[in-house]
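Today I am opening a new page for a structure I have not looked through before. My plan is to start with a sheet, then follow the charged pairs, and finish with one histidine and the rings.

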Amino acid sequence: MTHRRLRYGFVTVVAGSLLVGCSSGAGSEPTDEPASAARTIDIRIANGAVSPANTRTEAAVGQRIVLRVDSDATDELHVHSAPTHTFPVAAASGQQFDFTVTVPGRVEIELHHLGRTVTTLLVRQ
């Protein structure tokens, strides 16, 4: 009986996390989470080149991911998580996009028009 209760409790927690965890869109909502808990990735797009490129970044399930972008061209950042996120990149400095990942695994963040992988998040429990 205890094993069954634990299983149902676990399913309830996971389902609740999926309902609350992710947001998509260009903006971000304020959070009570300390800034030090966020994983920040600085991205620079200049003259058709992107930095970083093809890196790996550690993250935890539910951790806030912040992408800070300076770009001289328009593009789209695609985050291949469940659910996916798409962020429009303008030719501007100081852009910021936030999201969380609720399912552990590998999550690619890529620039659509340049066809380049910026980083692969290694999301762990």
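**Entry 1: the open sheet**

I began with the strands and found 5 of them forming an open sheet, in the order β3-β9-β8-β5-β6, with mixed pairing. The edge strands are β3 and β6 (85-89), each of which pairs on one side only. I also looked up the twist: neighbouring strands of this sheet are turned by 20 degrees against each other on average, direction ignored. For that angle, axes are lines fitted to C-alpha atoms, for helices over the stretch in contact, and angles run from 0 to 180 degrees between N-to-C directions.

A note to self on terms: strands (E, at least two residues) and helices (H or I, at least four) are DSSP runs, numbered from the N terminus. Two strands pair if DSSP finds at least two bridges between them.

Before going on, I wrote down the ground rules. The model is predicted, so local features need pLDDT of at least 70 and side-chain atom pairs count only at pLDDT 80 or more, while totals for chains, interfaces and linings use all residues. Residues are numbered from 1 along each chain as its sequence is written, and side-chain values use heavy atoms, with hydrogens and water left out.

**Entry 2: strand β4 and its partners**

Next I turned to β4. β1 and β4 pair in the parallel sense over 7 bridges, and Arg39 stands opposite Ile65 in β4. With β7, β4 pairs in the antiparallel sense over 6 bridges. There I noted two facing pairs: Arg68 stands opposite Gln96 in β7, and Arg64 stands opposite Thr100 in β7.

How much of β4 is buried? I find 6 of its 8 residues buried, so β4 is largely enclosed by the rest of the structure. β7 is mostly covered too, with 5 of its 6 residues buried. Buried here means under 20% relative accessible area, exposed over 50%, and partly exposed in between (1.4 Å probe, protein chains only).

**Entry 3: salt bridges**

How many salt bridges does the whole structure hold? My search finds 3, where a salt bridge is a side-chain nitrogen of Lys or Arg within 4 Å of a carboxyl oxygen of Asp or Glu.

I took Asp42 with Arg68, whose closest N and O atoms are 2.6 Å apart. This pair links distant parts of the chain, with Asp42 in strand β1 (residues 39-46) and Arg68 in strand β4 (residues 64-71), 26 residues apart. Asp42 is partly exposed at 46% relative accessibility, and Arg68 is partly exposed at 39%.

I then went to Glu58 and Arg124, whose side chains meet in a salt bridge at 3.0 Å, N to O. Glu58 lies in strand β3 (residues 55-60) and Arg124 in strand β9 (residues 116-124), so the pair ties together parts that are 66 residues apart in sequence. Glu58 counts as partly exposed at 39% relative accessibility, and Arg124 counts as partly exposed at 46%.

Finally I checked Arg64 and Asp98, with closest N and O atoms 2.6 Å apart. Here Arg64 in strand β4 and Asp98 in strand β7 (residues 95-100) are 34 residues apart. Are these two buried or exposed? Arg64 is buried with a relative accessible area of 17%, and Asp98 is buried at 6%.

**Entry 4: His78**

Back in the open sheet, I looked up His78, which sits in strand β5 (residues 75-79). At 14% relative accessibility, His78 counts as buried. β5 and strand β8 (residues 105-111) pair in the antiparallel sense over 3 bridges, and His78 stands opposite Glu110 in β8.

The side chain of His78 makes a polar contact with that of Glu76 at 3.0 Å. A polar contact is a pair of N or O atoms within 3.5 Å; within protein, one must be able to donate a hydrogen and the other to accept it, and residues adjacent in sequence count only if both atoms are side-chain atoms. Leaving aside neighbours within four places in sequence, His78 is in contact (heavy atoms within 4.5 Å) with His85, Thr86, Glu108, Ile109, Glu110 and His112.

**Entry 5: rings**

My last search, over the whole structure, finds 2 aromatic pairs. Ring pairs link Phe87, Phe97 and Phe99 into a cluster. Rings of Phe, Tyr and Trp (its six-membered ring) pair if their centres lie within 6.5 Å; planes under 30 degrees apart count as stacked, over 60 as edge-to-face and the rest as tilted.
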